[in-house]
Amino acid sequence: MKNSFFSVLGVLSLASAVVCSASPVWETDWSKALEKAGKSGQPVLVDFTGSDWCPGCIYLRKNIFDTDAFAKYAEDNHLVLVELDFPRTEGKMPPEQLKFHEELMRRYGISVFPSVLMMEGNGAPYAKIVGPSRTVEEYLKKLAAAGETRLKLKEAVAAARALEGKEKLEKLVQAIKLLPEDLQPYQKELIAEISALDPEDKYGFAGKAEKAVTLAAQRLMMEQFYKKHAGPFSAEKIRAGQEEALQMLEKRDLLPAIRLEIAKYVSDGYALERNYPKALEYLNMARDADPESPAAKKLEPWINNMQKIINKEK
């Protein structure tokens, strides 16, 4: 009996260890994951990753997502986990699936890997986490903060919907502003409510959802542009790229982030030709296209260095 007791105890201990160390299940089917979350009301964690080439992505997976601490957090908070991979190894993913992932990347304005979006089952994100953290504890704090944002948003929307008229409108606007500005356009249901109460678009939310669609289309335009002009540099190729970029800059409907990107491309071309005054002109144009953005602030050192080069040549 004694030996049997300890044998059973050993089996139970082993089973417990296996359960504790079990990795959470990651869904790779976008539609299936969102459908599940939509029915259950669970939050969704979407990991945009380059599993076979991105050092930060590999670190995030190995040192955070594959830990017992994350597995417990995901289970306790009922997270639906989705991996959207962008591998570079040929044959690792069917081309049509990779193309769909790229469409989602453009739709949500993802430009840095790894990026994680926390969202609802309707595809509306409420938090974005870019890059890994040094420790799993630090990353779980970011997830907890995202969870608090979700709760505050739900509470604020519920309170607003109990009101009517102008008061309801103001409270709904306050609710959506709990989110970062770049995530607000994806709150289509909430924006529809605000727009119905604000026919004159006093608060400027009517065009936000359309802006997200336009941004995705213009990002696709830029991808196609870069592919067209990729390859070894030559004077002829630089001129051809510049001419096309200058034509693109004439479009009035370019969003600020895209205009900044194109103007920076033109500036780089002039810099390669050693036409530094023109390079500086388009660097300034790029910065002024979206002056409050992080991308514009990163241009300041370039502008200062270019000005120094010009001053030395005088």
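**Exercise 1. State how helix α3 lies on the sheet, and what else packs there.**

Helix α3 (residues 55-65) lies across β1, β2 (44-49), β3 (80-85) and β4, and runs at about 140° to β2. The model is predicted: local features need pLDDT of at least 70, side-chain atom pairs count only at pLDDT 80 or more, and totals for chains, interfaces and linings use all residues. Residues are numbered from 1 along each chain as its sequence is written, and side-chain values use heavy atoms, with hydrogens and water left out.

Terms come next. Helices (H or I, at least four residues) and strands (E, at least two) are DSSP runs, numbered from the N terminus. Axes are lines fitted to C-alpha atoms, for helices over the stretch in contact, and angles run from 0 to 180 degrees between N-to-C directions. Contact means heavy atoms within 4.5 Å.

Helix α6 (residues 136-161) also packs on the sheet, where it touches β2, β4 and β5. The direction of α6 makes about 165° with that of β5.

**Exercise 2. Give the strand order of the open sheet and explain which strands stand at its edges.**

Step 1. The five strands are ordered β1-β3-β2-β4-β5, with mixed pairing. Two strands pair if DSSP finds at least two bridges between them.

Step 2. β1 (26-27) and β5 (125-130) each have a single partner strand, so one side of each has no neighbour in the sheet; these two are the edges.

Step 3. β5 pairs with β4 (residues 115-119) in the antiparallel sense over five bridges. Val 116 has Ile 129 of β5 as its bridge partner.

**Exercise 3. Describe the setting of Pro 114 and the peptide bond that leads to it.**

Step 1. Pro 114 sits in the loop between α5 (95-107) and β4.

Step 2. The bond from Phe 113 to Pro 114 is cis, with omega near -10°. Most peptide bonds are trans.

Step 3. Pro 114 has a relative accessible area of 2% and is therefore buried (buried means under 20%, exposed over 50%, partly exposed in between, with a 1.4 Å probe and protein chains only).

Step 4. Leaving out residues up to four places away in sequence, Pro 114 touches residues including Asp 47, Phe 48, Cys 54, Cys 57, Ile 129 and Pro 132.

**Exercise 4. Find the angle between α12 and α14, and list what makes the contact.**

Step 1. α12 (residues 276-289) and α14 (residues 300-313) pack at about 155°, and their axes are 10 Å apart.

Step 2. This angle makes α12 roughly antiparallel to α14. The classes are under 35 degrees for roughly parallel, over 145 for roughly antiparallel, 65 to 115 for roughly perpendicular, and oblique for the rest.

Step 3. From α12, the contact residues include Tyr 276, Leu 280, Leu 283 and Arg 287; from α14, they include Trp 302, Ile 303, Met 306 and Glu 313.

Step 4. Helix α11 (residues 256-272) holds Lys 264. Lys 264 is buried at 14% relative accessible area. Not counting residues up to four places away in sequence, Lys 264 touches Leu 283, Ala 286, Leu 299 and Trp 302.

**Exercise 5. Locate His 78 and Asp 201 and give the phi of each.**

Step 1. His 78 lies in the loop between α4 (68-76) and β3, and Asp 201 in the loop between α8 (188-197) and α9 (208-228).

Step 2. His 78 is not a glycine, yet has a positive phi of about 55°. Asp 201, also not a glycine, has a positive phi of about 55°. Most residues other than glycine have a negative phi.

Step 3. Asp 201 has 30% relative accessibility and so counts as partly exposed.
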